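Student: I am new to this structure and would be grateful for a close look at a single part of it.

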Amino acid sequence: MKPNGALRIAIQKSGRLSEGSLGLLRQMGLQFESYQDRLFAQCRNMPLDLLFLRDDDIPEYVQDSVADLGIVGSNVLDECGMDVERLLPLDFGFCSLSIAVPEQEPYKSVKDLDGKRIATSYPETLKRFLKVKEVSAEIVLLKGCVEIAPALQVADAICDLVATGSTLRTNRLNVIETVSKCQAILIGKKKTTENKKSLIEKLLLRARGVQEARKYKYIMFNAPSKALEPIKKLIPGCKSPTVLSLAEPGFIAIHSMVLEESFWEVVEKIRECGGTDILVSPVEKFIR
Ligand code: PRT
Ligand code: ZN
């Protein structure tokens, strides 16, 4: 593949981060085709090429300037020790790297694992964690199926990624310690040209815009004019809510952004203040 001067972003070809990565890039307004068996795609509306790779290879490709940007799990990044810039946590691919033990075992914390064996695919991250906790345990390196190590008596405990927790439950394992909270992260190479830097800034602004939008709902409703003051306290909006007068005297329409996490509590209080006809819509982009 010849370099064409375009910025290159590496994303996971097929796996847990693929859908989130593609979805984010599309919401950032990038137009491209992606097919399962392709390793490369050109953006139609921006000088940007996409590389589809195995997640473990992405940090090295970015460090070695094969790609300018990459999307990878923070767990992979912590483990590989590559020298890259962490540009933006992306709010998807959430999981935690956790230490778990068989249900019937008496271990309550990592301290109880002194002198024991812990199976993991994350030896470097675990080594650092054990050092901080002053625990001396043998690390058993496994590339996959870490969860069956205790049943096979290959290890006394495991250190693996947990998302829903169902793998642990199936294998009758309990978490006793969280080593790190992980999510997808946008990384970039340490040094880049001025041209590429300004394009990266543009992409970061878009990515933040998409992320911010996901946190909010846009809400519109009617209320008696006298309820404006208490309602303003409930929904401060960006600066303050938009207030429009209705044809019927004594009534107003209010528009505002509401945080998704407190949305239902706010709606209940708006109703208590006399708010009615509440319309809610998703926010597609939100640029501060
Ligand atoms: O082929 P390639 O090397 O690219 O993919 P991969 O198989 O190495 O990675 P993949 O697709 O499994 O994971 C990619 C990234 O997704 C990881 O590096 C994490 O950042 C993130 N992620 C989020 C997870 C999970 N959740 C997750 N649950 N990665 C792996 N798991 C595994 C975990 O190892 C365990 O086996 O899922 C199992 C536990 O899941 P629950 O839901 O049963 O708890
Ligand atoms: Zn991998």
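Student: Is Glu134 buried, partly exposed or exposed, judged by its relative accessibility? Please describe the part around this residue and how it relates to the rest of the chain.

Tutor: The model is a predicted one. In it, Glu134 counts as exposed, because its relative accessibility is 70% and exposed means over 50%. Glu134 is found in the loop between helix α4 (123-132) and strand β8. The backbone of Glu134 also deserves attention: its phi is positive, about 55°, although the residue is not a glycine.

Ser65 offers a parallel case elsewhere in the chain. Its phi is near 65°, again a positive value in a residue other than glycine. Ser65 lies in the loop between α2 (58-63) and β4, and it counts as partly exposed, with 40% relative accessibility.

Let us return to the loop between α4 and β8. Lys133 lies in this loop too. The side chain of Lys133 meets that of Glu177 in a salt bridge, at 3.8 Å from N to O. Since Glu177 belongs to strand β10 (residues 173-182), the pair ties together parts that are 44 residues apart in sequence. The two partners differ in their surroundings: Lys133 is partly exposed, with a relative accessible area of 26%, whereas Glu177 counts as buried, at 17%. Side chains of opposite charge can pair when their charged atoms come close.

A search of the whole structure finds 16 salt bridges. Among them is the one between Arg86 and Asp78, at 2.7 Å from N to O. Arg86 is partly exposed at 46% relative accessibility, and Asp78 is partly exposed at 21%. Another joins Glu229 and Lys232, at 3.4 Å. These two residues are three apart in helix α7 (residues 228-234), so about one helical turn separates them. Glu229 is partly exposed, at 45%, as is Lys232, at 35%. In addition, salt bridges that share partners join Asp68, Lys189 and Lys196 into one network.

On the other side of strand β8 (138-141), the loop that leads to β9 (157-162) holds Leu152. Leu152 is exposed, with a relative accessible area of 56%. Together with Ile148 and Val154, Leu152 makes a nonpolar surface patch of about 240 Å².

The interior may be set beside this patch. In soluble globular proteins, nonpolar side chains tend to be buried together. Here the largest nonpolar core has 29 residues, and those with the most contacts inside it are Ile9, Leu30, Leu48, Leu50 and Ile71. At least two residues of this core come from each of β1 (7-12), α1 (18-27), β3 (48-53), β4 (69-73), β11 (184-188) and α6 (194-214). Helix α6 gives the largest share, six residues.

Another buried residue is Ile219, at 0% relative accessibility, in strand β12 (residues 216-224). Ile219 and Thr178 are 41 residues apart in sequence and 38 Å apart in space, from C-alpha to C-alpha.

Finally, there is a metal site. Asp55 and Asp56 coordinate the zinc ion (ligand 2) through OD atoms, at 2.0 to 2.2 Å. The arrangement is irregular, because the four donor atoms around the zinc ion subtend angles of 71 to 178°. Asp56 is partly exposed, with a relative accessible area of 40%.

Key: Residues are numbered from 1 along each chain as its sequence is written. Chains are lettered from A and ligands numbered from 1 in the order in which they are written. This is a predicted model: local features need pLDDT of at least 70, side-chain atom pairs count only at pLDDT 80 or more; totals for chains, interfaces and linings use all residues. Side-chain values use heavy atoms; hydrogens and water are left out. Patches are made of residues with over 30% relative accessible area and no salt bridge: like charges are joined within 9 Å, nonpolar side chains (Val, Leu, Ile, Met, Phe, Trp, Tyr) within 5 Å. Accessible areas come from the Shrake-Rupley method with a 1.4 Å probe; for residues, only the protein chains shown count as cover. A salt bridge is a side-chain nitrogen of Lys or Arg within 4 Å of a carboxyl oxygen of Asp or Glu. Helices (H or I, at least four residues) and strands (E, at least two) are DSSP runs, numbered from the N terminus. Buried means under 20% relative accessible area, exposed over 50%, partly exposed in between (1.4 Å probe, protein chains only). Donors are N, O and S atoms within 2.8 Å of the metal (3.2 Å for Na, K and Ca); water is not among the atoms, so sites may look incomplete. Four donors count as tetrahedral if all angles lie between 85 and 135 degrees; four count as square planar and six as octahedral if opposite donors are over 155 degrees apart and all others between 65 and 115; anything else is irregular. A nonpolar core is a set of buried Ala, Val, Leu, Ile, Met, Phe, Trp, Tyr and Cys residues joined through side-chain atoms within 4.5 Å.
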